[in-house]
Every structure is written in C-alpha cells, then in structure tokens.
2 protein chains.
Amino acid sequence: MASKVTPISGFQEWLPRERIAEQYVLDTIREVFELHGFASVSTRAVEPVERLSDQGEDADKEIYAVSRLAGGDDEARLGLHFDLTVPFARYVLENSGKLTFPFRRYQIQPAWRGERPQRGRYREFIQADVDIIDAAELPGHYEAELLLVIADVFGRLPVGAYQVHVNNRKICEGFYRAIGIEDVIGTLRIVDKLDKIGEDGVASLLLAAGCSQEQADRCLALARIRTSDTSFVQQVRALGVSHPVLEEGLTHLASVMETAAEHAPGVAVADLRIARGLDYYTGTVYETMLERDPGYGSVCSGGRYDALASDGKRTYPGVGISIGVSRLLGLLIGEEGLTASRETPAAVLVAVNDEETRSDSIRIAAALRSRGVPTLVAPKAAKFGKQIQFADRRGIPYVWFPGAGERGGDAVKDIRSGDQVDADAASWTPPAADLHATLVTPGSSD
Amino acid sequence: MASKVTPISGFQEWLPRERIAEQYVLDTIREVFELHGFASVSTRAVEPVERLSDQGEDADKEIYAVSRLAGGDDEARLGLHFDLTVPFARYVLENSGKLTFPFRRYQIQPAWRGERPQRGRYREFIQADVDIIDAAELPGHYEAELLLVIADVFGRLPVGAYQVHVNNRKICEGFYRAIGIEDVIGTLRIVDKLDKIGEDGVASLLLAAGCSQEQADRCLALARIRTSDTSFVQQVRALGVSHPVLEEGLTHLASVMETAAEHAPGVAVADLRIARGLDYYTGTVYETMLERDPGYGSVCSGGRYDALASDGKRTYPGVGISIGVSRLLGLLIGEEGLTASRETPAAVLVAVNDEETRSDSIRIAAALRSRGVPTLVAPKAAKFGKQIQFADRRGIPYVWFPGAGERGGDAVKDIRSGDQVDADAASWTPPAADLHATLVTPGSSD
C-alpha cells in the first residue's frame with residue numbers, strides 16, 4: 001500500500017493527545033447523561049434512503065448513499081444517517097413493544113452530511129443526543145428539564161460562558177397565522193437565515209415569498225425580541241397580535257424560562273428568532289452559543305417534535321437536544337489548542353535491565369495494572385538514559401527500575417523532579433493527579 | 001414519517017438492557033487497553049476505494065461504496081472501511097512526523113462489509129483493535145506481548161474458557177518453499193479453509209492449484225500439528241523438512257509460547273493450521289476460540305505485518321489484534337441472553353408530591369447527581385403506588401420521597417425489600433452494588 005496519503009476534506013481526525021482531550025469531553029457528556037437517567041442506544045449507521053430524505057431542509061442533497069461496490073444488491077437503497085434523531089425515531093417505532101415509556105435515551109455517534117465543509121461544519125461529525133419520548137402524550141416539563149441537562153454538561157466542560165437561546169415554535173406559528181401568513185414552515189426557514197443574511201435579506205425573501213411589507217416588518221419585530229427573563233411575554237403582547245396558539249407558546253416558553261431561572265440561573269435566553277432548520281419541531285427549540293465566539297454557531301441544538309415517530313396508528317412525541325461534539329472540539333481543540341498532559345494513558349514505564357530479565361519487568365507491569373495503574377514495559381534494554389527519554393517524549397511521569405532499590409527491591413523515579421524512591425509493585429500507586437492524563441487548556445501549561 | 005419499519009439484515013441493534021451489557025464489555029476492553037498503555041485513535045469511517053480494494057481476500061466484493069445521493073461529486077471515490085487496520089496504517093503514514101514510535105494505539109469503532117449476513121457475521125460490526133507499530137524495525141517480543149493483552153481482556157469478560165491459537169506464517173512459508181511450492185499466499189488461503197471444507201476439500205484444492213499429492217499431504221501434515229507447549233518444534237522437525245525461513249518461524253513461535261506459558265498459562269496453543277485470510281500478515285498470526293462454542297469462529301484475531309504501512313520511502317512494521325466485539329456479543333447477548341440488572345443508569349427515582357413542588361424534587365435529584373448518583377425525577381405527580389411502579393418496571397432500586405421522613409426531612413425506599421429510611425440528599429448514597437447497573441449472566445438471576 002504505497003499510494004499517496006492525503007486528508008479528506010470535512011473528515012477530521014485527531015492526534016493522540018488531542019484524542020485524549022476528545023475522550024475527556026465524550027466521557028464527561030456520557031457521565032452527565034447517565035447521571036440524569038438516560039439509557040444508551042446505539043443505532044446502525046445506515047437507514048433506508050426514503051426515511052432520510054423525508055425530513056426537509058434540502059436533506060436529499062446532503063445524504064451519503066451507501067451501496068455495495070460490486071453491485072448486485074437487491075436490497076433497499078441505504079444512506080448514512082445525517083443526525084441521530086431520525087434513526088432514534090425509527091428505533092422507537094421498531095421496538096415500541098419492548099421499550100418502557102416515557103423512554104429517555106442518549107446516543108453518542110458519528111453522523112454524515114455531504115455538504116460543503118466549512119468552519120465548524122464537517123462531513124463526518126460526532127453528535128451527543130438526549131431525547132425523552134413518550135407514547136401519545138409528553139408532559140411539557142421535559143422541555144425545561146433538557147435545558148438543565150445542557151447546563152449540567154456545559155458546566156463541566158472547558159467551554160467558558162455560554163447561553164442557551166430558547167424559543168417555542170408555537171409563538172411563531174400563532175403569530176404568523178394571526179397576521180395572515182399561511183406558510184408557517186416556509187416562513188420559519190426564511191427567518192432562520194437571519195444570522196447569515198441579516199434583516200434586509202430576510203425581508204426580501206419574505207416579500208418574494210408573498211408577504212406584504214407589513215407582514216415582513218412584523219415577523220422581524222417578533223424575531224428581534226430577546227430577554228433573559230419572562231419579559232418577552234409583555235414585549236410580544238405589545239406587538240398587538242393575538243392567537244390561541246401564540247398564547248400557548250408564550251405560556252410554555254415562560255414556564256421553561258422560570259424553571260431555568262430557578263435551577264440554572266443565567267443560562268437561558270428567550271430568543272424569538274430561533275427557528276431551527278428542520279421541519280419536525282413543534283414546540284420548544286434550543287440553540288447554544290459560546291460567549292467567546294457567538295458567530296461560530298450553535299454547539300447544542302434541539303427541540304420538541306410531536307409527529308416524528310409515528311407508525312400510522314400510534315404517535316410518539318418527544319423532545320431532544322444534540323451536542324455538536326465535533327463542532328465544539330473543532331473550536332476547543334482545533335482552533336484553541338486544548339490538549340492532554342501526555343500522549344499515552346501510561347503513568348509508568350517499567351525499564352528493562354537486559355532482555356534476559358524482560359520477564360521481571362512484565363511481572364512488575366502486571367502487578368501495577370492489576371491495581372489500575374496504566375503501565376508500559378520499555379521496548380528495549382537500552383541505556384537507562386534512553387529509557388527515561390522514551391518516557392519523557394510521551395509525557396509518562398514515572399520510570400520504574402527493577403532491582404534498583406535498597407536490599408534488592410525496586411525503585412521508581414518521578415522523571416519530572418528526578419526524585420527516586422524505593423517501591424513495591426504490589427502496593428505503590430502514583431498520586432491521583434498523575435494516574436490518568438489530564439486536560440491542558442491553552443496558556444495553562446506553565 | 002409513517003413508512004414501514006423493518007430491521008436491515010446484518011445490522012444489529014440492542015435494546016437498552018442489552019446495550020448496557022454491550023457498554024460493560026466495551027468499557028472493560030477500553031480499560032484494559034489503556035492499562036497496557038495503548039493510546040486511543042479514532043479514524044474517519046471512509047477511505048479512498050483504491051486503498052481499501054488493495055488488500056486481497058476478494059476485498060472488492062465486500063466494500064460499501066459511499067457517494068453523495070445528489071451526485072455532483074468531483075472527489076475521490078470513497079468506501080466504508082472493512083476493518084480498522086487499513087485505516088490505522090493510513091493514519092500512521094499521514095501523521096508519521098507527529099507520532100512517537102513505537103506507537104501503541106487502540107481503536108474501538110464499527111466497520112462494514114457487504115457480505116452475506118450469517119451467524120456471527122454482520123454487515124456492520126464493532127471491532128476493538130490494538131496495534132504496536134514501529135519505524136523500520138519492530139522487536140519480536142511485541143508478538144508475545146499482544147497475547148498477554150488478549151489474556152488480560154478475556155480474563156475480565158464473561159466468556160468462560162478460551163484459547164488463543166497461534167502460528168507464524170514464516171513456518172508455513174519456509175515449509176512450503178522447502179517442499180517446492182512457490183505460491184505461498186495462494187496455499188495459505190487454501191489451508192485457511194480447513195475449518196470449512198475439511199482435509200479432503202483442502203487436498204482437492206491444493207491439487208487443483210498444481211500441487212503434487214505428496215506436497216498436499218505434507219501441507220496437511222504440517223497443518224495437523226497443534227501443541228499447548230513448544231513440542232510443535234520437534235513435530236515439525238519430524239516431518240524432515242528444513243529451510244532458513246522455517247527455522248526463523250519456529251524460533252519466533254517457540255518464544256511466543258514460552259512467554260505465554262510464563263505470564264498467561266493455559267491460554268495459548270501453537271496451531272500450525274492458523275493462516276488468516278488477509279494477505280498482509282508476515283509473522284505471528286492469532287485466532288481465539290471460545291471453548292463453549294469453538295465452531296462459532298474466532299472472536300479475536302490478528303498478526304504481524306511488515307509492509308502494510310509504507311509510503312514508498314519508509315516502512316512501518318506492526319503487530320495487532322482485533323477483538324470481534326459484535327461477533328462476541330452476538331453469542332453472549334444475542335444467543336445466550338447476557339443482559340443488565342436494569343434498563344436505565346438511574347439508581348434512584350425522586351417522587352413528585354404534586355406538580356407545584358416539582359422544583360423540590362428537581363433540587364433533590366441535582367444534589368444526588370452532584371455526588372455521582374444517577375437519578376431521575378418522576379414524570380407525573382401520580383399516586384405513590386404508580387410512581388413506585390414506574391421505578392420497578394425499569395429496575396430502578398430506590399424511590400425517594402420528599403418530605404416523607406421524620407421532622408419534615410426526606411425518606412428513601414428500597415423497593416425490592418420495602419425498607420424505608422430517613423435520608424438527606426446531601427449525604428445519602430446507595431450501596432456500591434446498586435450505584436450502577438450490573439451484568440446479569442443467564443441463569444444467575446435467582
């Protein structure tokens with residue numbers, strides 16, 4: 001295999017230290033999801049193409065089709081999933097008789113979209129999702145609860161300040177209907193472009209879609225409302241529009257904001273221009289911006305959907321959020337240099353005195369591992385200076401010298417300080433801070 | 001999305017309890033790999049098709065090609081990787097200037113093959129690989145070390161008795177050359193079919209490939225040798241064939257068997273018919289059979305390769321093993337019913353007295369979670385009997401009742417025994433055995 005090796009645009013891979021930082025983030029997310037009682041689900045990478053292409057947002061253009069290279073398939077056409085919500089909805093339908101509802105699941109897997117790679121957007125990316133799905137009816141308090149889950153996750157990650165922007169599609173839907181706009185989804189899609197094309201751009205598109213100037217102005221007036229408490233309700237009322245669906249949306253969003261204020265103060269912003277691109281959302285929608293770089297886009301998004309999972313007889317409404325792990329790490333690791341304190345899990349390198357006594361070193365390593373200490377045996381019985389250098393290059397803090405202690409015992413050296421002490425592999429343990437690689441945030445290393 | 005939902009043959013998915021058992025196995029494998037100082041690598045799912053189709057064993061027929069559904073690609077043709085060795089070799093070449101050699105990596109990811117699904121063979125399957133790769137030269141002791149890593153992993157998994165069958169391709173190569181067979185790879189591929197078609201079938205294929213009857217007989221005589229110590233060396237010598245490459249193979253395999261006997265007694269068998277299908281192996285090869293079902297096929301295979309990773313200037317020899325996690329779990333979970341003690345990570349359900357005091361329950365749950373206790377809040381302020389039933393159905397062992405303790409404090413009930421005690425969310429912790437879901441092996445539940 002001597003062909004040329006080049007990266008593939010949009011498919012990100014990390015070096016070992018960066019990967020340890022990624023694992024730290026993935027492990028933290030999983031830990032919090034499990035603390036909140038979400039059960040893990042892992043779905044296959046492929047779905048029938050017709051299930052994927054049914055989800056709006058020009059989904060077709062982004063789908064990667066999968067087929068056997070040699071041909072001869074008589075099967076359904078398959079595609080790689082572009083998110084984890086669509087496969088989860090299918091999983092719920094397929095296993096509905098075997099699941100206990102309300103069903104809380106988390107899912108951390110890659111997804112794929114064939115779109116043009118750009119900053120924060122990849123063709124292969126890891127998502128970390130939680131969803132709560134119920135049979136027939138889903139209590140509204142789950143829409144507030146997910147916000148608290150996000151707050152718990154982000155509070156444990158090195159992301160700095162962030163805010164979850166929350167809206168309720170019913171506010172937009174009721175408002176649009178009240179002012180005479182019929183095409184709610186089409187209007188939401190246009191308003192969703194505010195960040196990219198600005199108010200003038202959105203106004204033009206709304207006019208082109210058949211809105212009057214007054215309708216367009218009122219859509220923009222609604223989208224301008226953003227409050228860190230429940231005062232958005234008064235601001236909407238001041239626009240002089242009323243509709244039962246609008247009222248329902250205001251009540252729900254106010255309730256979400258109140259729960260957030262009580263249990264995760266400072267995290268949520270009611271932001272009435274948040275629309276989300278996907279068609280299936282029907283209630284609360286979320287987007288999460290990092291204060292250090294709001295223009296980077298949302299790193300955690302989701303919302304409530306009422307009809308995504310339906311088999312024609314029963315419908316399973318749900319609410320979910322998805323952390324864009326690859327997008328988040330593209331910033332933290334890729335741009336800012338978040339990394340790990342060493343490039344291997346090993347805390348100890350056991351030196352080899354000579355190849356004839358390699359067995360002794362293997363036994364020492366096994367003893368340390370049996371008590372949870374990640375340990376390597378040196379590759380060669382080289383001079384000790386070389387063996388220490390081997391550890392140093394990888395960031396391994398300790399080198400173990402068989403037989404170098406007093407009375408024939410062993411000794412272990414902290415190669416950072418040079419301190420060497422007698423040690424017994426049956427009992428010695430490194431300090432907790434050295435046992436596993438730790439996160440190194442840029443600028444914190446000295 | 002109301003279309004019909006049917007499983008896709010060869011793509012296995014688990015229910016929540018089964019998934020927890022799968023996670024236990026995956027976590028255990030990862031833990032052992034890290035204890036042995038392997039660094040994690042995760043590679044993209046796709047490789048250029050020409051890199052995948054270069055690996056022999058009719059690889060072309062198995063590759064899943066990936067292309068944008070909407071077409072218009074001007075990129076290289078891509079395919080899903082069919083193992084983790086080929087992407088790892090590419091990763092090493094791509095990052096050779098940034099890696100420290102010898103480089104030890106583990107990688108736990110799905111792979112895909114478009115072959116006909118059958119017992120233990122899936123179209124999507126998780127592999128857990130470790131490899132040690134070096135620049136230019138790789139010491140032989142790593143070939144023994146990987147056997148000890150397998151032993152450490154399998155010793156911690158509920159797999160029962162197993163044996164690692166080990167061979168060295170140099171034994172076959174030297175032997176075949178010594179008796180006048182030129183096409184070593186072709187002969188290895190035929191001998192690899194012994195399990196499937198038996199000695200007569202292999203003899204016929206060897207004759208059809210141009211071997212004489214005597215050559216075929218001697219190939220089969222070599223393949224019959226199987227010893228649990230180093231006595232295979234004498235048995236090979238008794239066949240009266242000599243060749244320098246054969247000698248080299250015998251020495252290496254004897255050394256691997258000696259290390260295994262010392263550090264993992266009873267695990268290894270020298271088995272001279274082990275060939276492995278893939279072309280790239282050049283030294284030690286491994287296959288692992290479970291004693292409970294040897295006909296199920298190997299659940300952990302690998303070997304040494306000398307020329308897989310080469311950029312034309314430099315070559316990176318390596319040795320690796322791959323645990324067929326999906327195959328293993330197809331047996332343990334799918335056929336034998338290995339499962340978990342509950343279907344959620346939650347150890348505690350906090351009851352809700354009425355919707356007005358849901359906030360109290362949320363605060364209690366947050367306090368328990370902050371000390372690492374996975375906790376859920378009840379979905380509805382239903383009668384307590386209903387709330388206990390909610391926990392019972394999911395296997396959650398404890399229900400927390402706000403305000404039900406003496407002097408206005410809380411109380412927690414073990415719903416298995418019915419025991420209820422006063423408790424403070426700031427300090428109460430369940431017994432360690434109840435904190436996380438545990439493995440339930442079939443027949444052990446009562």
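Tutor: Two strands count as paired if DSSP finds at least two bridges between them. Keep that in mind for the sheet in chain A of this predicted model.

Student: In what order do the nine strands of the open sheet in chain A run?

Tutor: In general, the strands of a sheet pair through backbone hydrogen bonds, in a parallel or an antiparallel sense. In chain A the order is β1-β5-β6-β12-β11-β10-β7-β9-β8, and the pairing is mixed. β1 (39–40) and β8 (226–227) of chain A are the edge strands; each has a single partner strand, so one side of each lacks a neighbour in the sheet.

Student: In which sense do β7 and β9 of chain A pair, parallel or antiparallel?

Tutor: β7 (residues 162–168) and β9 (residues 268–271) of chain A are parallel, with three bridges. At residue level, A:Val164 has A:Ala268 in β9(A) as its bridge partner.

Student: Which strands pair between chain A and chain B?

Tutor: The general idea is the one already given: backbone hydrogen bonds, parallel or antiparallel. Here, β3 (residues 64–68) of chain A pairs with β3 (residues 64–68) of chain B, antiparallel and over five bridges. One bridge partner is B:Ser67 in β3(B), which is matched with A:Ala65.

Student: How many residues of each chain are in contact, and about how much area do they bury?

Tutor: 99 residues of chain A are in contact with 99 residues of chain B. The two chains bury about 8,400 Å² between them, with 56% of that on carbon and sulfur atoms.

Student: How many salt bridges and polar contacts are there between chain A and chain B?

Tutor: The salt bridge count between the two chains is six. In one of them, B:Arg363 joins A:Glu262, with the closest N and O atoms 2.9 Å apart; the cut-off for the rule is 4 Å. Polar contacts link 46 residue pairs between chain A and chain B, both residues at pLDDT 80 or more. On the side of chain A that touches chain B, the largest share comes from helix α1 (residues 16–35) of chain A, with seven residues. By class, that side has 47 nonpolar, 22 polar and 30 charged residues.

Student: Which domains does the assignment give within chain A?

Tutor: It gives domain 1 (16–339) and domain 2 (348–440). Their C-alpha centres lie 48 Å apart. Eight residues from domain 1 of chain A and six residues from domain 2 of chain A make the contact.

Student: What does the interface of domain 1 and domain 2 of chain A bury?

Tutor: The buried area is about 460 Å², and carbon and sulfur atoms give 69% of it. The rule finds zero salt bridges across this interface. One residue pair is in polar contact between the two domains, both at pLDDT 80 or more. On the side of domain 1 of chain A that touches domain 2, α1(A) gives the most, with four residues. That side has five nonpolar, two polar and one charged residues.

Student: How many salt bridges does a search of the whole structure find?

Tutor: The search finds 57 over all chains. Among them is the pair A:Arg90 and A:Glu47, whose closest N and O atoms are 2.7 Å apart. A:Arg90 is in helix α4 of chain A and A:Glu47 is in strand β2 (residues 46–48) of chain A, so this pair ties together parts that lie 43 residues apart in sequence.

Student: Which peptide bond in chain A is cis?

Tutor: Most peptide bonds are trans, and most residues other than glycine have a negative phi. The bond from A:Phe101 to A:Pro102 is cis, with omega near -5°. A:Pro102 sits in the loop between α4 (85–94) and β5 (103–112) of chain A. In chain B, a cis peptide bond joins B:Phe101 and B:Pro102, with omega about -5°; B:Pro102 is in the loop between α4 (85–94) and β5 (103–112) of chain B.

Student: Where is A:Ala136, and what is its phi?

Tutor: A:Ala136 has phi near 75°, a positive value in a residue other than glycine. A:Ala136 lies in the loop between β6 (124–133) and α5 (141–154) of chain A.

Technical notes. Residues are numbered from 1 along each chain as its sequence is written. Chains are lettered from A and ligands numbered from 1 in the order in which they are written. This is a predicted model: local features need pLDDT of at least 70, side-chain atom pairs count only at pLDDT 80 or more; totals for chains, interfaces and linings use all residues. Side-chain values use heavy atoms; hydrogens and water are left out. Contact means heavy atoms within 4.5 Å. Buried area is the accessible area (1.4 Å probe) that two parts lose on being put together, summed over both. A salt bridge is a side-chain nitrogen of Lys or Arg within 4 Å of a carboxyl oxygen of Asp or Glu. A polar contact is a pair of N or O atoms within 3.5 Å; within protein, one must be able to donate a hydrogen and the other to accept it, and residues adjacent in sequence count only if both atoms are side-chain atoms. Helices (H or I, at least four residues) and strands (E, at least two) are DSSP runs, numbered from the N terminus. Ala, Val, Leu, Ile, Met, Phe, Trp, Tyr, Cys and Pro count as nonpolar, Asp, Glu, Lys and Arg as charged, and the others, Gly among them, as polar. Domain bounds come from an automatic or database domain assignment.
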